[in-house]
Amino acid sequence: MVDRRTVAIALVVILASAGIGYAVTSDYFVGEETHLAADDGPEIVLDEDVELNAQHPFPDENTIDLSPYGTLESDGETFARVSNLDDERAKLGELEVSDEKLVADLDDKNAIGAEGDIDTIEFEDIDLNEQNGEIEYTANSYDFEITVYDLQPDTNVIIRDASDDEELFTVTTDSDGVAVLDELPSGSHEIYIEDGADQLEIRDEETEELIESSDDEVEVRFFPDGDDEVVETRTTSDGIVDFEGLPTDEEFVITVSADGYETRSVYIDSILDQQTVYLLDQEADSVLITFDVNDRTENFRGSDVRLVVQKPIGEGNQSEYKNIAGEYFGAGGEQSITLERGERYRLTVFNRDGQSRSLGSFTPETEDFITLDIGNVEIGPGGEQGFNFNAKTAVDEDTDEKTIRVSYRDRNELTDQLEYRIVERHNESNVLQDWVTVNDAQEHQDTITLDEEDEGVRWVVEYEIDRDGETISDILPVGGVTDLDIPISGEWLAAFGMFTIIGTASLFGGSLSRTGAVMVAIVAFGLTILGVVAIPYPALILAGLVAIIFKFAEQGQGGFMT
């Protein structure tokens, strides 16, 4: 940034140069590359020639008035290069907003705020009924947020990727019509905003089509205060349930009955998370499965425990796990659910304290009584940050199947959301487990069974944690060509591998340094094959080639020293 006093003096000169024309018409010309800076607010550089008419360009220490185009405001020092003020889409570039939010309130457009590690943002007026790319941005990390003003108050809006219409997330505006978008992906993206969920759809599980019949009965049970229930009953004839007047940000269990379909009860965190319930046709090839819980932790007992049965909905890479069935076990401790024979479902058990156990995949074949065994999470207490994410290979004691066990614990109970997936190292198209999202995840465990062809694959677990206002992401290597059943966490194993590499390098100094370079490359390559560390193979090959070249160069200078 330039000195703000210099900018202020420069502006006086600019206004003076406008001369009599300014005094008579109140319009004045401001040229390209002009700097404007409020005392304790935005500093901007105009990327184009403009005509302004603001008689007081700095109405207060936090604001720049660019009338007739609008204003820019921040509570502290920020910077932006401003362009396209007179176009349909305005642009703020070269943003410096890491410490304060910069709000641009421009004429004929929704006011937009930018804060954090974001470089550019382009925006236009937002129409919730049109699928336009209304906001385009470039961000260097996940540590940023965009604030949209002038929307309908207390309304659900859906944020979608303009490239493929994929839903990114849903947010509720506050009483002033303000929406904070703090879950956007990093990089360069174009998004649009549309009206959010105020209705719930009832669809066929097999065809995914809306179920249209006469007066299907829908019972919705909300739990606004934990154990207390609020029951609402609605009917629908077109497969769409009107949620007007019902809470949209609270957990609920919905029980749906329709002619020709199995009655189902489904737990959903909120209608913001899932807007569709799926029923199974009574003519489908199905089996009745009864579940109960064998709790060895004493944390999953009584009526506060709920079962969530999920199934991937959609085709190929577009499929996404949705809640299909399951609710609170209740006093009886059992649940009976009709599921489609031969289909793959995922089972997870939750309690009200933020603890959960994902019990892996389940494929029903015959009518059965299934006991869900729940053990303790095999993970130590949180580290200095108060949480611990772990992933390692294990062998199921009952089935002798090889598995990957993912565990998470937050001893301070500050986690809002946990997301993770498992993909092949250096080949993200090979997905072992797609993204799993756990809300209010204070303690979670997941067991993923490895098929025979998957046992030798080198996998990585990618995870992202939203905790106490921060987003933490990392990658843990797990699995490999050798079954390393070492009783330590993946993080400690990776740290051990790096210390091994550094320790190897420290053994070779002086005249042995080139020999040491070759040995370090060999050790790093071996540890990567074993799945201890996750170093890209191109980097390993390059390092090895460079070490060998220098070693042979040494040989040519007077002998091959060891």
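A salt bridge here is a Lys or Arg side-chain nitrogen within 4 Å of a carboxyl oxygen of Asp or Glu. Keep that cut-off handy for the exercises below, and bear in mind that the model is predicted.

**Exercise 1. Which residue does Arg264 meet in a salt bridge, and at what N to O distance?**

Step 1. Start from the side chain of Arg264: its salt-bridge partner is Glu205, with 2.7 Å from N to O. That passes the test, since the cut-off is within 4 Å.

Step 2. Now place the two residues. Arg264 belongs to strand S20 (residues 264-268), while Glu205 sits in the loop between strand S15 (199-204) and strand S16 (216-225). They are 59 residues apart, so this pair links distant parts of the chain.

Step 3. Check the burial. Anything under 20% relative accessible area counts as buried. Arg264 comes in at 2% and is therefore buried; Glu205 also has a value of 2% and is buried.

**Exercise 2. What else does Glu205 hold on to, and which residues make up the network of salt bridges?**

Step 1. Glu205 also forms a salt bridge with Lys311, at 2.8 Å from N to O.

Step 2. Lys311 is in strand S23 (residues 306-313) and Glu205 in the S15 to S16 loop, so this bridge ties together parts 106 residues apart in sequence. Both Glu205 and Lys311 are buried.

Step 3. Put it all together: the network links Glu205, Arg264, Lys311, Glu340 and Glu343 through salt bridges.

Step 4. For context, searching the whole structure turns up 21 salt bridges. One of the pairs that meet this way is Glu201 with Arg203, at 2.9 Å from N to O.

**Exercise 3. In what order do the strands of the 7-stranded open sheet run, and which are its edge strands?**

Step 1. Read off the order: S24-S23-S26-S27-S33-S30-S29, with mixed pairing.

Step 2. Find the strands that pair on one side only. These are the edge strands, S24 (320-325) and S29 (387-395).

Step 3. Add the twist, which averages 20° from one strand to the next.

Step 4. Zoom in on one pairing. S27 (residues 355-362) and S33 (residues 443-449) pair in the parallel sense over 4 bridges. Ser358 has Asp446 in S33 as its bridge partner.

Step 5. Stay in S33 and look at His444, which that strand contains. His444 is buried, with a relative accessible area of 1%. Its side chain makes a polar contact of 2.5 Å with the side chain of Ser356.

**Exercise 4. Which strands make up the 3-stranded open sheet, and how are neighbouring strands turned against each other on average?**

Step 1. The order is S25-S22-S28, and the pairing is mixed.

Step 2. S25 (334-340) and S28 (368-374) are the edge strands, each pairing on one side only.

Step 3. Ignoring direction, neighbouring strands of this sheet are turned by 35° against each other on average.

Step 4. For the detail, take S22 (residues 286-295) and S28: they run parallel and are joined by 7 bridges. Asn294 finds its bridge partner in Asp373 of S28.

**Exercise 5. Do S34 and S35 run parallel or antiparallel, and how many residues lie between them?**

Step 1. S34 (residues 459-467) and S35 (residues 470-478) run antiparallel and are joined by 9 bridges.

Step 2. As a register check, Trp459 stands opposite Val478 in S35.

Step 3. The two strands form a hairpin with 2 residues between them, and Asp468 in the turn has a positive phi of about 50°.

**Exercise 6. Is Arg89 buried or exposed, and which side chains does it contact?**

Step 1. Locate Arg89 in the loop between strand S7 (78-83) and strand S8 (90-106).

Step 2. Compare its relative accessibility with the cut-off. At 17%, Arg89 counts as buried, because buried means under 20%.

Step 3. List the polar contacts. The Arg89 side chain reaches that of Glu136 at 2.9 Å and that of Glu190 at 3.2 Å.

**Exercise 7. How many helices and strands are there, and what share of the residues is buried?**

Step 1. The protein has 4 helices and 35 strands.

Step 2. Of its 562 residues, 48% count as buried.

Step 3. Among contacts with a separation of 6 or more, 58% come from residues 24 or more positions apart.

Step 4. The protein exposes about 27,200 Å², with carbon and sulfur atoms supplying 44% of it.

Note on methods:
Residues numbered from 1 in each chain as written. Predicted model: local features only at pLDDT ≥ 70, side-chain atom pairs only at ≥ 80, totals over all residues. Heavy atoms only, no water. Pairing = 2+ DSSP bridges. Axes fitted to C-alpha atoms, helices over the stretch in contact; angles between N-to-C directions. Buried < 20%, exposed > 50% of the residue type's maximum accessible area, 1.4 Å probe, protein only. Polar contact = N/O pair within 3.5 Å; in protein donor to acceptor, adjacent residues only side chain to side chain. Contact = heavy atoms within 4.5 Å. Areas by Shrake-Rupley, 256 points an atom, 1.4 Å probe, with all protein chains shown as cover.
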